[in-house]
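Reader: I'd like to walk through this model feature by feature. Can you show me how to read each one?

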Amino acid sequence: MADRPLSARLRPRSLRARQLLAASIGLLAFLALAGYALDRAFIDVASEGQRERLRNYVYSYAGDIEFLRGGEIYPSESPPDDRFLRPGSGLYAEVVLPSGTWTSRSASGPQLPEAPMLSAREEKFEGPLPMVQSNGTPGEVYRYGLGLVWAPDGRSEEEFPYTIYVIEDAGIVPRQLRVFRAALWVNLGVAGVILLLLQGLIVRWSLWPLRRVEQELVRVQRGQAERMGTQHPHELQPLTESINALIDSEREHLARQRNTMSDLAHSLKTPLAVLRSRLDAGTGDAELREEVETQLQRMSDLVTYQLARAASSGHQLFSAPIEIEPHAEQIVRGLEKIYAAKGTVCEFEIDPSARFHGEPGDLQELLGNLLENAFKWAKSRVLLTVRPGDTAPNRRPGLVLIVEDDGPGIPPDRVAAVLQRGVRGDERVQGHGIGLSIVQDLVHSYRGELSVGRSEELGGACFSVRLPPGF
């Protein structure tokens with residue numbers, strides 16, 4: 001553990017932990033950004049609200065002020081807010097006249113900033129401005145002013161300009177902001193906890209199919225189930241299908257190995273028994289030598305047959321794609337030398353995109369036995385056709401492989417017999433009768449189909465191999 005880097009030790013090993021950590025980080029980042037955005041929005045709204053509130057107070061005062069002769073004012077005894085009547089309340093009104101100023105009762109005590117005269121219909125919002133509070137401590141205020149003109153009896157020659165100011169303590173908005181922030185972060189914290197708990201439930205629910213896959217794998221390992229189930233989400237189906245294919249392939253491989261060894265042992269029993277009986281009977285040296293040679297050749301043929309059978313059964317999953325034409329050319333070159341006296345020619349119609357997904361030995365066994373059988377029976381021509389087969393979502397394409405010849409062909413009633421082990425199409429032709437059976441076993445191991453018919457183009461036999469998607 002001490003040799004492991006810090007990043008590896010801190011990295012969560014569980015998918016659930018990874019998702020919860022990622023969700024928690026994302027949620028915290030979202031809440032922080034949301035809190036900051038709401039805080040800025042509240043500041044803007046509070047500032048704009050303060051401006052509109054002071055403006056409304058100014059217009060309310062402007063509508064209630066009455067002027068006396070000589071330019072003196074008579075303010076309303078009912079201001080728009082009771083705080084204008086309480087000294088030091090933090091909300092003040094001031095009217096600036098050419099002859100002096102008038103202030104509300106709340107302005108008695110604090111020293112407000114100097115208020116200039118504004119021109120007619122001029123509005124001005126400013127702050128924070130310095131002031132001195134009633135207890136002598138410095139403070140700050142916001143101020144909204146409106147410049148107006150009073151003309152007695154509508155005579156412009158006797159106009160009296162004046163300006164109305166409404167002033168508010170600058171500490172009101174910060175106090176509102178502190179209250180808002182306290183409530184905001186408490187509520188966001190509670191919402192974050194609830195969302196984290198909900199996220200945990202969602203992660204647990206979303207990962208439950210993986211938990212089911214794990215439980216099914218444990219059951220398969222313990223022998224309580226033979227394979228994975230089929231009821232899984234769409235995203236997990238390729239995984240479970242691949243696992244089932246791997247399980248089936250391994251079981252088939254093991255069973256095939258056992259069968260091969262059993263068949264080999266059973267096949268060797270008879271030659272060994274013959275030799276034992278000859279030895280026990282005291283057979284002469286010449287006769288015994290001849291019998292030994294005969295039985296050794298028989299056992300050699302049996303071993304060759306069983307090894308070929310075992311070699312052709314090695315279907316491995318997840319193999320790299322193999323080009324077919326190079327292997328076909330290599331096999332055909334050898335066959336053309338063997339059957340040079342017949343002058344047989346093999347033609348290719350191979351799609352460049354076609355690929356064999358399996359072991360190279362399996363491909364050589366498949367092509368070798370089919371092409372050798374075609375060369376054996378052909379008069380002069382052999383045709384090899386290869387093209388991609390059927391397709392399926394999330395699967396590699398299938399494969400179609402066809403070998404045709406211009407020989408006598410195989411009667412339909414002889415097809416089943418020819419595909420059996422040890423049966424030759426014609427007993428007069430040399431061979432062991434296992435080539436086509438190897439092809440059939442090999443095709444079945446790849447879950448494909450082997451069909452035998454008559455070639456429409458050449459007139460002889462036609463062997464068609466179809467391997468399914470994902471073989």
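Author: Happy to. Keep in mind that this is a predicted model. Let's begin with one side chain: that of Ser 455 reaches the backbone nitrogen of Leu 458 at 3.0 Å.

Reader: Which side chain does Ser 455 join in a polar contact?

Author: That of Glu 404, at 2.4 Å. As for its place in the fold, Ser 455 sits in the loop between strand 13 (449-454) and strand 14.

Reader: Is Ser 455 buried or exposed?

Author: Ser 455 has a relative accessible area of 3%, so this serine is buried. Leaving out residues up to four places away in sequence, Ser 455 touches Glu 404, Asp 405, Gly 460, Ala 461 and Cys 462.

Reader: Cys 462 makes me think of sulfur. How many disulfides does a search of the whole structure find?

Author: The general idea: a disulfide is a covalent bond between the sulfur atoms of two cysteines. Here the search comes back with zero. Cys 462 is buried because its relative accessibility, 14%, falls under the 20% cut-off. Cys 346 is buried as well, at 12%.

Reader: Let's turn to the nonpolar core. What is the general idea there?

Author: In soluble globular proteins, nonpolar side chains tend to be buried together. In this model the largest nonpolar core has 39 residues, and Leu 367, Leu 370, Leu 371 and Leu 401 have the most contacts inside it. Elements giving two or more residues to this core include helix 7 (325-338), helix 8 (360-377), strand 12 (399-405) and strand 14 (461-467).

Reader: Which helix gives the largest share of this core?

Author: Helix 8, with seven residues. You can trace part of the packing from Leu 401: setting aside residues up to four places away in sequence, its contacts include Leu 366, Leu 367, Leu 370, Val 386 and Phe 463. There is also a second, separate core of 18 residues, with Ile 65, Leu 148, Tyr 162 and Val 166 among them.

Reader: Tyr 162 rings a bell. How far is Leu 118 from Tyr 162 in space, C-alpha to C-alpha?

Author: They are 7.6 Å apart, with their positions 44 residues apart in sequence. Leu 118 belongs to the loop between strand 4 and strand 5 (123-132), and at 8% relative accessibility this leucine counts as buried. Beyond its neighbours within four places in sequence, Leu 118 is in contact with Lys 124, Gly 145, Leu 146, Gly 147, Thr 163 and Tyr 165.

Reader: And what lies over the face of Tyr 165?

Author: Arg 143, at 4.8 Å from the ring centre.

Reader: On to ring pairs, then. How many aromatic pairs are there?

Author: The count is nine. Take Tyr 61 and Trp 102: their ring centres are 6.1 Å apart and their planes are at 55°, so the pair is tilted. Tyr 61 is in helix 2 (residues 15-64) and Trp 102 in strand 4 (residues 100-103), so the pair ties together parts 41 residues apart in sequence. Tyr 61 is buried at 4%, whereas Trp 102 is partly exposed at 22%. Both belong to one aromatic cluster with Tyr 57 and Phe 84.

Reader: Could you give me another pair to practise on?

Author: Try Phe 356 and Tyr 446, with ring centres 5.3 Å apart and planes at 55°, so this pair is tilted. Phe 356 is in strand 10 (residues 355-357) and Tyr 446 in the loop between helix 10 and strand 13, so the pair links distant parts of the chain, 90 residues apart. Both Phe 356 and Tyr 446 are buried.

Definitions and conventions:
Residues are numbered from 1 along each chain as its sequence is written. This is a predicted model: local features need pLDDT of at least 70, side-chain atom pairs count only at pLDDT 80 or more; totals for chains, interfaces and linings use all residues. Side-chain values use heavy atoms; hydrogens and water are left out. A disulfide is a pair of cysteine sulfur atoms within 2.5 Å. Buried means under 20% relative accessible area, exposed over 50%, partly exposed in between (1.4 Å probe, protein chains only). A nonpolar core is a set of buried Ala, Val, Leu, Ile, Met, Phe, Trp, Tyr and Cys residues joined through side-chain atoms within 4.5 Å. Helices (H or I, at least four residues) and strands (E, at least two) are DSSP runs, numbered from the N terminus. Contact means heavy atoms within 4.5 Å. A polar contact is a pair of N or O atoms within 3.5 Å; within protein, one must be able to donate a hydrogen and the other to accept it, and residues adjacent in sequence count only if both atoms are side-chain atoms. Rings of Phe, Tyr and Trp (its six-membered ring) pair if their centres lie within 6.5 Å; planes under 30 degrees apart count as stacked, over 60 as edge-to-face and the rest as tilted. A charge sits over a ring if NZ of Lys or CZ of Arg is within 6 Å of the ring centre and within 35 degrees of the ring normal.
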